[in-house]
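Open the model in your viewer and keep the selection tool at hand. The stops below say what to select next and what is there.

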Amino acid sequence: MPSGFLERLLISVLFALAGLAKLLGLEAEVDAFARWGFPAGFMYFIGILEVAGAIGLWASRLTAFVALCLAVLAVGALGTRLVFGEWAMALVTAVLLAITLHYIWRHRDDLLPGENASGFSEDDRDGGRSSH
């Protein structure tokens, strides 16, 4: 089993659980969004994005882009946790963000079609011999 599989599984499960908690309107989530001053509709919207991202992470052609979108959500969550002094949950969110960023780094070639991490296109790497 490739190491990237476990990383992707962990990210998708954690985002799916977080999203489902919001979509199910669990009391802790409802209270948190109210405490932060966000409307309930925003909670459901974030939940949809988290669940969709958790599923989309398994779409091979989109995995790096979806992980990038999930990282953006995690940055917002981390910022909210820090602003409201929720240090323990900020730490959990920061760890999830770090894992997600590591996954993105490992799949960075997928973010720029036709280029690899070195910035060279397929044509550059094979001396222009590839057919189009």
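Select Glu7, which sits in helix H1. This is a predicted model. Is Glu7 buried or exposed? Its relative accessibility is 13%, so Glu7 counts as buried, the limit being under 20%. Now show what surrounds it. Leaving out residues up to four places away in sequence, Glu7 touches Ile99, His102, Tyr103 and Arg106.

Keep Glu7 selected and add Arg106. The two form a salt bridge, with 3.8 Å between the closest N and O atoms. This pair links distant parts of the chain, since Glu7 is in helix H1 and Arg106 in helix H5, 99 residues apart. Arg106 has a relative accessible area of 42% and is therefore partly exposed.

**The whole chain**

Zoom out and colour by secondary structure. The protein chain has six helices and zero strands. Read from the N terminus, the order of elements is α-α-α-α-α-α. The chain has 132 residues, and 33% of them count as buried. Turn on the surface: the accessible area is about 8100 Å², and carbon and sulfur atoms account for 70% of that. Consider also how the chain meets itself. Among contacts between residues at least 6 apart in sequence, 60% join residues at least 24 apart.

**The core**

Hide the surface and select Ile11, Phe15, Leu57, Ala67, Leu70, Leu97 and Tyr103. These are the residues with the most contacts inside the largest nonpolar core, which has 18 residues. The elements that give two or more residues to this core are helix H1 (3–23), helix H3 (40–56), helix H4 (63–83) and helix H5 (87–106). Which helix gives the most? That is H4, with seven residues.

Centre the view on Leu70. Setting aside neighbours within four places in sequence, Leu70 is in contact with Ile11, Phe15, Leu49, Glu50, Gly53, Ala54 and Leu57.

**Helix H4**

Select H4 alone and look along its length. Its 21 residues should span 30 Å at 1.5 Å a residue, and the C-alpha atoms at its ends are 30 Å apart, so the expected and computed spans agree. Next, mark the buried residues of H4: Thr63, Ala64, Val66, Ala67, Leu70, Ala71, Leu73, Ala74, Leu78, Thr80 and Arg81. When you look at their numbering, keep one general point in mind. An α-helix has 3.6 residues a turn, so residues three or four places apart point the same way. Step off the end of the helix to Gly85, just after H4, which takes a positive phi of about 65°.

**Glu86 and Arg35**

Move on to Glu86 and add Arg35. They form a salt bridge in which the closest N and O atoms are 2.9 Å apart. Glu86 is in the loop between H4 and H5, while Arg35 is in helix H2 (residues 27–36), so the salt bridge ties together parts 51 residues apart in sequence. How exposed is each partner? Glu86 has 14% relative accessibility and so counts as buried. Arg35, with a relative accessible area of 47%, is partly exposed.

**Lys22, Glu29 and Glu50**

Select Lys22, Glu29 and Glu50 together. Salt bridges with shared partners join these three residues into one network. Within it, the side chains of Lys22 and Glu29 meet at 3.7 Å, N to O. Lys22 and Glu29 are both buried. By the rule used here, the count of salt bridges comes to five.

Leave Lys22 on show and select Gly47, in helix H3. What is the distance between their C-alpha atoms? Gly47 and Lys22 are 5.1 Å apart in space, though 25 residues apart in sequence. Gly47 has 0% relative accessibility, so it counts as buried. Apart from neighbours within four places in sequence, Gly47 is in contact with Gly19, Lys22 and Leu23.

**A patch on the surface**

For the last stop, turn the surface back on and select Phe5, Leu6, Leu9, Val13, Leu17 and Trp58. Together they make a nonpolar surface patch of about 510 Å². Pick out Leu17, which lies in helix H1. Its relative accessible area is 52%; because this is over 50%, Leu17 counts as exposed.

Conventions. Residues are numbered from 1 along each chain as its sequence is written. This is a predicted model: local features need pLDDT of at least 70, side-chain atom pairs count only at pLDDT 80 or more; totals for chains, interfaces and linings use all residues. Side-chain values use heavy atoms; hydrogens and water are left out. A nonpolar core is a set of buried Ala, Val, Leu, Ile, Met, Phe, Trp, Tyr and Cys residues joined through side-chain atoms within 4.5 Å. Buried means under 20% relative accessible area, exposed over 50%, partly exposed in between (1.4 Å probe, protein chains only). Helices (H or I, at least four residues) and strands (E, at least two) are DSSP runs, numbered from the N terminus. Contact means heavy atoms within 4.5 Å. Patches are made of residues with over 30% relative accessible area and no salt bridge: like charges are joined within 9 Å, nonpolar side chains (Val, Leu, Ile, Met, Phe, Trp, Tyr) within 5 Å. Accessible areas come from the Shrake-Rupley method with a 1.4 Å probe; for residues, only the protein chains shown count as cover. A salt bridge is a side-chain nitrogen of Lys or Arg within 4 Å of a carboxyl oxygen of Asp or Glu. The expected span of a helix is 1.5 Å times one less than its number of residues.
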